[in-house]
Amino acid sequence: MPQRGNGNNTGYKKPVICIVCGKKWEVACSTPYQSNSPSSGLCDICQVQTVTPVIRRRQLKEGNFDCFGKAVGGFCDQSNCKYLLPCLHLSAVAASCKESSATFCERECKQ
Ligand SMILES: [Zn+2]
């Protein structure tokens with residue numbers, strides 16, 4: 001009996017490992033993944049931790065609040081901010097993993 005996926009035979013899965021914390025996950029891709037070792041990437045949380053300080057520095061440089069990633073409940077009152085969309089996305093990611101966002105705050109305060 002041929003092995004087919006659960007009705008999803010259009011794509012392949014590529015294993016990805018986070019270069020920071022070592023978390024593993026899979027992403028869909030259109031070609032079979034040939035290598036034995038997973039591809040390197042950044043997980044959501046590590047992406048937040050990497051991107052946030054960079055954007056906040058930019059916000060300050062541009063004379064704005066360094067509020068990036070601090071949106072609560074998917075809302076930020078800086079509606080003209082050019083970082084609003086990624087900010088809301090990353091804020092949601094951080095909020096979805098409370099344990100990691102606690103670590104995140106700790107790290108941030110130590111800088
Ligand atoms: Zn990670």
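What geometry does the site of the zinc ion have, given the angles among its 4 donor atoms? The close-up views below, taken from a predicted model, begin with this site.

**View 1. The zinc ion and its protein donors.** The zinc ion is held at 2.2 to 2.3 Å by the SG atoms of Cys-18, Cys-21, Cys-43 and Cys-46. The angles among the 4 donor atoms are 103 to 116°, and the site is tetrahedral. For four tetrahedral donors, the ideal angle at a metal is 109.5 degrees.

**View 2. The zinc donors along the chain.** The donors are spaced as C-x2-C-x21-C-x2-C. Cys-21 belongs to the loop between strand S1 (12–18) and strand S2 (24–29), whereas Cys-43 belongs to the loop between strand S3 (39–41) and H1; the pair therefore ties together parts that lie 22 residues apart in sequence.

**View 3. The packing of helices H1 and H2.** Helix H1 (residues 44–61) packs with helix H2 (residues 84–96) at an angle of about 125°, and their axes are 9 Å apart. The two helices are therefore oblique to each other. The crossing of H1 past H2 is left-handed.

**View 4. The residues between H1 and H2.** H1 contributes Asp-44, Ile-45, Val-48 and Val-51 to the contact, and H2 contributes Leu-90, Val-93 and Ala-94. Of these residues, 6 are nonpolar, none is polar and 1 is charged.

How values were computed. Residues numbered from 1 in each chain as written. Predicted model: local features only at pLDDT ≥ 70, side-chain atom pairs only at ≥ 80, totals over all residues. Heavy atoms only, no water. Axes fitted to C-alpha atoms, helices over the stretch in contact; angles between N-to-C directions. Helix = DSSP H or I, 4+ residues; strand = E, 2+ residues; numbered from the N terminus. Parallel < 35°, antiparallel > 145°, perpendicular 65-115°, else oblique. Left-handed = near helix turned anticlockwise from the far one by under 90°. Contact = heavy atoms within 4.5 Å. Nonpolar A, V, L, I, M, F, W, Y, C, P; charged D, E, K, R; others polar. Donors = N, O, S within 2.8 Å, 3.2 Å for Na, K, Ca; no water. Tetrahedral: all angles 85-135°; square planar, octahedral: opposite > 155°, others 65-115°.
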